[in-house]
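I opened the model to look up a few points and wrote them down in the order I took them.

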Amino acid sequence: MSNPLFSVRNLHKSYGTGETRFDALKGVDLDIYEGDSLAIVGKSGSGKSTLMHLLALLDRPSEGEIQLQGKETSTLKGRQLNAIRNSTFGFVFQQFFLSPRESVLENVVLPLKIAGVSSREQKVRGMNVLEQLELADKAKNKATNLSGGQKQRSVIARALINNPSVIFADEPTGNLDSATGAKVEDILFDLNKRQGITLVVVTHDEELAARCSRRIYISDGEIVRTEEVAA
Amino acid sequence: MRFSSIAGQSAKNAFRSKSRTTLTVIAIFIGAFTLTITSGIGTGINRYIDSTIASIGAEDVLTVTKISTTDVEVADGPQEYSPDQLQAETMRPGPGQGSVTVESMTQADFDILQSLDHVLMVEPVKAVTVNFIEGPSEVPYIVQLGAFVEGMQLTLAEGEQLNDASSTYEVAIAESYLDALGFSSAAEAIGKSVDFGFDDAEGNAQIVSAQVVAVTQPGFGPGADNAVPNAALKDALFAAESPSTLSPGEQEFSTATLWFDVENMTTEQIDELQAEIEAAGYNSTSTADQLGTFTAVIDAIIMVLNAFAIIALIAAGFGIVNTLFMSVQERTREIGLMKAMGLASGRVFLLFSMEAVVIGLLGSLIGVGVGMGIGSVVSNVLSRTVFSDLAGLQLVAFDLTSVLTVIVIVVSIAFVAGAFPAIKAARKDPIESLRYE
């Protein structure tokens, strides 16, 4: 097997000090390989979101190390972290986080805008990705006028626009009815299979987790069980 | 993120909450409007003073008198007579006009002054008086002759500046004499001849004719309520009025005009020259001395007015702080998302501070625009009514520098005000922000 994309060793994260100290993660070891689809499953407060935030380099661990593509991440400076998050990661959130008054296209090209890509290229790449997700006809609509499924497809389009190697999805179907949710799941797993994009899904939904090739169960800041299913 | 797209986004964000932004812009507008008007008044008055300075005296000229050895103090009550003293009326116009007691100067004094460094030329001021002026109406009127030295610019209503090099007898007459002398308009007077009546050294009444080359406007200058002769006319009058028994070296004068090498001198050197003249026993007055206190008072008043405008702007600045704090609060999740997607904190700061700059720029442009419009209209009305006696005075005037300064000041205040909320936004933790419901 190739080198892991993420290599996590003895990961600790605690908040506060003294009596108010709360240990969200208590020594997590984990390898994620390119093309994996990993489900991080756990109840709320189990530490699953903390783990995702650390993997996505949104937060720094209290102890332990995270290697990304063989490189230690704790030594990276803010600018390098920003660049990695912008170009390597894609984010899909339960609450969408679309700017309601801006058009779908404007929402989708946000990562390109942040990266400083020319507005012409933003438009071309934005329309390409919207076409891929069958949203091209909604490009000029305001985000607020979309249905839930369309909103989540827009969010996936936004996550895809920088051709990321990893997509972090935090309860991607949490706000959708089961039929729409299933469609969004299809899109995500299709991207995983066809384009080889690594998928890291945080969920407490067993059905969604079951579709992933690997599942880790987290409880009280520790991995309690790992399931691997030959995809 | 590119600066241009940040600026565009900030402008867009500023109008997300239209009513809130509009109210803040109005607050800025009031401050900018006030500052425009007050600085406009400053510009207007100073421009008027500057234009009259040119008619009061040239920049490279000092007016020199000899300090009386018997009584150096300026006359303040009755003074004892000394045969050497001349009672001279000062040429100083405007505030502080009065009489000082000075000692007479002769060619020997001029030689002393001439020997000082940087002095180009010393000429006695030839005090000449005429009894009357008479025009086509053939009615004589009492008139004073104004002093004119090379380099002065009379405030003209019509005609050209006097030519001191010309051998023709030229005169500039005040606008207020036109009717009396029998001219229907300023233009009609130009090129016409007027007569001056005077007494020669023997006491015989004489008449001399001079050509009107200019009509002057009322103001501070020597042309205010006088007739101003050119060098040829003045010399002729002086020669006729002086006792012929005196040789040129014995003639006595109360005042001399001293030209110095202004182009090659620093302000300090001019001060030194004045100190040297003082040390030699003479008193000197420059144009700046004559107007110094006057402009200082006006500058102080304008400064107080500007301070009020700045206070209004600071109040408006708090409006910006408030608006942007609300904006940051509302957009917490958006900020978190953009930071998660790799937007640097510095750019977040810029995004919000630029929003403040947009509000400030908008308020200042409208404020300055409306201020200039209303200021010009009011000033035109005033100069036709209240200030009609002070020709050339535009109470509110604008120049590019002061208008740009107002805009820069307002935008700077907006930027500083916007900095506090912008720092708050830049410091937001993306995880906390995304959790925010």
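Which side chain does the side chain of R20(B) join in a polar contact, and at what distance? I found E330(B) as the partner, with 2.9 Å for the polar contact between the two side chains. The model is predicted, and I read the distance as a computed value from it.

I then placed R20(B) in its element: it belongs to helix α2 of chain B, which covers residues 18–56.

Next I checked whether R20(B) is buried or exposed. Its relative accessibility is 15%; buried means under 20%, so R20(B) counts as buried.

I listed the contacts of R20(B), leaving out neighbours within four places in sequence. They are T323(B), M326(B), S327(B) and E330(B). E330(B) is thus on the contact list and is also the polar partner.

I looked up the confidence for chain B. The mean pLDDT is 82, and 85% of the residues reach 70 or more. Over residues 87–99 of chain B the pLDDT is below 50, although this stretch has 21 contacts in the model beyond near neighbours in sequence. Where pLDDT is low, predicted coordinates should not be read in detail. For the complex I noted an ipTM of 0.89 and a pTM of 0.69 from the predictor.

Last, I turned to chain A. I noted eight helices and ten strands. Of its 231 residues, 52% are buried. Among contacts in chain A with a separation of 6 or more, 69% are between residues 24 or more positions apart. The exposed area of chain A is about 10,800 Å², with 45% of it supplied by carbon and sulfur atoms.

Terms used: Residues numbered from 1 in each chain as written. Chains lettered and ligands numbered in written order. Predicted model: local features only at pLDDT ≥ 70, side-chain atom pairs only at ≥ 80, totals over all residues. Heavy atoms only, no water. Helix = DSSP H or I, 4+ residues; strand = E, 2+ residues; numbered from the N terminus. Buried < 20%, exposed > 50% of the residue type's maximum accessible area, 1.4 Å probe, protein only. Polar contact = N/O pair within 3.5 Å; in protein donor to acceptor, adjacent residues only side chain to side chain. Contact = heavy atoms within 4.5 Å. Areas by Shrake-Rupley, 256 points an atom, 1.4 Å probe, with all protein chains shown as cover. pLDDT = per-residue confidence, 0-100.
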